[in-house]
Amino acid sequence: MPNHVKIKKLQVAEELYDFINSKVIPDSQVTSEEFWEGFGSLVTDLAPKNKALLNKREEIQTKIHTWNKENHDYSFDAYKEFLTDIGYLETEVSDFEITTENVDDEVAIQAGPQLVVPVNNGRYAINAANARWGSLYDALYGTDVISEENGAKKINAYNPIRGEKVIEYAKSFLDDTVPLKVGSHKDAVNYTIINEELSVELSNGKTTRILDATKFVGYKGTAGEPTALLLKNHDLHFEIQIDSTHPIGKSDSAHVKDILVESAITTIMDCEDSVAAVDAEDKVLVYSNWLGLMKGDLSTSFKKGNKTITRTLNPDREYKSPGDKAFTLSGRSLMFVRNVGHLMTSNAVLDENGNEVPEGFLDCMITSLIGKHTLLRNGTYQNSSKGSIYIVKPKMHGSEEVDFANELFDRVEDILGLERNTVKIGVMDEERRTSLNLKNCIHAVKERIVFINTGFLDRTGDEMHTSMESGPMIRKKDMKSSTWLNGYEKSNVMVGLSVGLRGKAQIGKGMWAMPELMADMIQQKGSQLHAGANTAWVPSPTAATLHALHYHQIHVKNVQQEIASNKVDFKDDILQVPVAENPNWSVEEIQAELDNNAQGILGYVVRWIELGIGCSKVPDINNVGLMEDRATLRISSQHMANWLHHDICTEEQLMEILKRMAKVVDEQNAGDPEYVPMAPDYDNSISFQAACDLVFQGYDQPSGYTEPILHRRRIEAKAKSKIKQS
Ligand SMILES: CC(=O)SCCNC(=O)CCNC(=O)[C@H](O)C(C)(C)COP(=O)(O)OP(=O)(O)OC[C@H]1O[C@@H](n2cnc3c(N)ncnc32)[C@H](O)[C@@H]1OP(=O)(O)O
Ligand SMILES: O=CC(=O)O
Ligand SMILES: [Mg+2]
């Protein structure tokens, strides 16, 4: 346990205390006195309420378990009546519209990709902020969007056959988004600006223009010899970059060297499910990176090959309008910060009785104070040009908990001297009680809400945990096509539109969790836009650039308008529990399901516990690298716990599988010098024990969450490694 400093009503771990006082408080127009005094009072007043809300979750869950055990052949009406009686289904508020003000265009207007990144990884976090703009040529060349057939293999050196395919794809994109009046961009030999319009000379000697001249919005260089042409389609920009001296530009008929695409319009700097932050040391790293991002001075140096790279935040991009007026576009993604939910407490700050304080309070106080620096223009760049601080709040259950978040934000604004509703909220719709009462949840934050988002991964975990007693759940891969999930996705959009989010806030959809399968993403992820989302999550900058293409193809504003005109209530669909009606899986199917879950759990947990890495790419049993975080872990562990509970498998069988898979995971990581193997000394492997806890104690975990076990075991592993070092 680190040393704690007594300050006002709190005891604060020394390194956090020093960090706040020396790095965050100065120039914030909040004194240290005001900060700690306010924080102490906030804990005194709100911690009991937080506890009561968590107790209510447990009470409701117990009632649902009991009812499900006692009512196997129930009528749907009786089920709904029961859920209403226990306050799980709330009485819906009357119609209303959100009134959030001072929302940046990136959130309210521009439909585009949302990138998520673990904020404690400085190298990735800076990369994510800079992913506002991404090279289309690199994104295509480096991924399976361009097939390796017919000599187009990715080899060490540049493969011109692959390069040709990239250029062909990219120019088709130009033909689709900014078509020419005559001919194709593939035949362009010269781009110039004549009379403020983009003029395109073709290989046949003719000159043409783009069909919609208003899409040409700026350039760099001179009108006769532009080096970049800025185009805008569906509120998103891209640049045709021209350079006759560049290796690619040199051989291109119009000297185009790349197409730079506006990509990650917004980014979520994550303090939650993709990070492992279990004590003051970890929290200080999280907060100091957020501070560096808000002040604009975060930098990191690392080796790539034999080069040392220093990465800093990109500056704004400078252009001239067609009429030669200078203007800039942001060089960085608009940043949100995802705080933790209401569940966990943190040993970094204790109350006057020595109890850990709710970690969500800590996150809200500190990330908001850090956010204030950009409002005061204390740094190089401003994150929000509208004076807002953007916080994502995950894992809330029902409108009372959202209302509580609102109260917390109010209190924090008062302590930090921020005007009411400066701190905006993005509400993750990722727990069943929130999905079913979404209208009420939005109502509770109607003056500060800037997004709803279907976090379908957590939501799937909650689906299984809530109805654990209903029966064995369908296989994981079948969840995607299940009635509840489709109802949930549709309902989220429908409710969001009905309360006026269109043009004011984001209606977001979930993560593409297969970072290497970009061709599949290109094929499938457009469906989220067709379903009415104006943003959707991607795991990497490359995915952001490729997903951006969907927003050029699909005009989400129009899609949303159409959906809004056709009101449907999907609650009955959401309430369809995904139990297997006739669980007659073959031995092989059961084995494959369990092997796959075990491999995912172990592959993720071992890096979390031993290395403190909260988001990993872990191969599944088909060797596809999957993005794993705490939400995917929640699914896998709850699924195994559910099948164990319903005797689809035995405890011995699971233990055998976990041990066998631990060896597989050890082999997969054999090349990593920092890796700590789990086999053969399973009893002494904290990671292996953590994985077992997650499965065998899965039934009893609050809402099926994984963080209580992960935190406990990581603290244990950190202590063990400190003893080893000393
Ligand atoms: C359910 C939910 O809550 S989802 C939200 C939580 N999930 C996330 O935040 C996903 C974040 N993504 C990631 O952490 C990573 O992409 C992973 C773990 C999935 C894969 O990481 P890796 O195996 O290291 O990826 P890979 O080796 O292919 O690529 C690494 C490169 O991509 C960059 N990169 C990868 N992901 C990101 C990201 N999210 N943001 C910024 N840069 C990224 C890295 O900076 C690195 O480039 P660099 O060498 O120039 O620094
Ligand atoms: O947070 C996202 C999710 O899917 O869970
Ligand atoms: Mg989630």
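A residue is buried if 20 or more other C-beta atoms lie within 10 Å of its own, the C-beta atoms being placed from the backbone. The exercises below apply to a predicted model.

**Exercise 1.** Determine which way the residues of strand 24 point and with which strands this strand is paired.

Solution. Begin with the strand itself, residues 535-538, where Thr535 and Trp537 point one way while Ala536 and Val538 point the other way, and all of these are buried. Next, take the neighbour on the side of strand 3, which runs parallel to strand 24 and is joined to it by two bridges; here Gln114 stands opposite Trp537. Then turn to strand 23, residues 506-509, which is likewise parallel to strand 24 and joined to it by two bridges, with Gly508 as the bridge partner of Thr535.

**Exercise 2.** Describe the shell around ligand 1 by its residues, its elements and its domains.

Solution. Start from the count: 24 residues surround ligand 1, and the closest are Val116, Asn127, Ala128, Ser274 and Ala631. By character, the shell divides into 14 nonpolar, five polar and five charged residues. As to elements, strand 3 (114-118), helix 5 (122-130) and strand 25 (616-619) each supply at least two residues. Finally, at the level of domains, at least three residues of this shell come from domain 1 (48-131 + 266-345 + 353-574), and at least three from domain 3 (587-725).

**Exercise 3.** Work out which residues lie around ligand 2 and which helix supplies the largest share of them.

Solution. List the shell first: it consists of Asp273, Pro394, Met428, Glu430, Gly455, Phe456, Leu457, Asp458, Gly510, Met511 and Ala631. Sorting these residues by character gives six nonpolar, two polar and three charged. The largest share, three residues, is then found to come from helix 14, which spans residues 456-466. Ala631, listed here around ligand 2, is also one of the closest residues to ligand 1.

**Exercise 4.** Explain why Ile609 counts as buried, and place this residue among its contacts.

Solution. Locate Ile609 first, in helix 21, residues 587-611. Ile609 has 27 C-beta neighbours inside 10 Å and therefore counts as buried, the cut-off being 20 or more. Leaving aside neighbours within four places in sequence, Ile609 is in contact with Ile686, Ser687, Ala690, Arg713, Arg714 and Ala717. As a last step, consider Glu58, which is 551 residues from Ile609 in sequence and 27 Å from it in space, taken from C-alpha to C-alpha.

Definitions and conventions. Residues are numbered from 1 along each chain as its sequence is written. Chains are lettered from A and ligands numbered from 1 in the order in which they are written. This is a predicted model: local features need pLDDT of at least 70, side-chain atom pairs count only at pLDDT 80 or more; totals for chains, interfaces and linings use all residues. A residue is near a molecule or strand if its C-beta atom, placed from the backbone, lies within 6 Å of it. Helices (H or I, at least four residues) and strands (E, at least two) are DSSP runs, numbered from the N terminus. Ala, Val, Leu, Ile, Met, Phe, Trp, Tyr, Cys and Pro count as nonpolar, Asp, Glu, Lys and Arg as charged, and the others, Gly among them, as polar. Domain bounds come from an automatic or database domain assignment. A residue is buried if 20 or more other C-beta atoms lie within 10 Å of its own, exposed if 12 or fewer, and partly exposed in between; C-beta atoms are placed from the backbone. Two residues are in contact if their C-beta atoms, placed from the backbone, lie within 7 Å. Two strands pair if DSSP finds at least two bridges between them.
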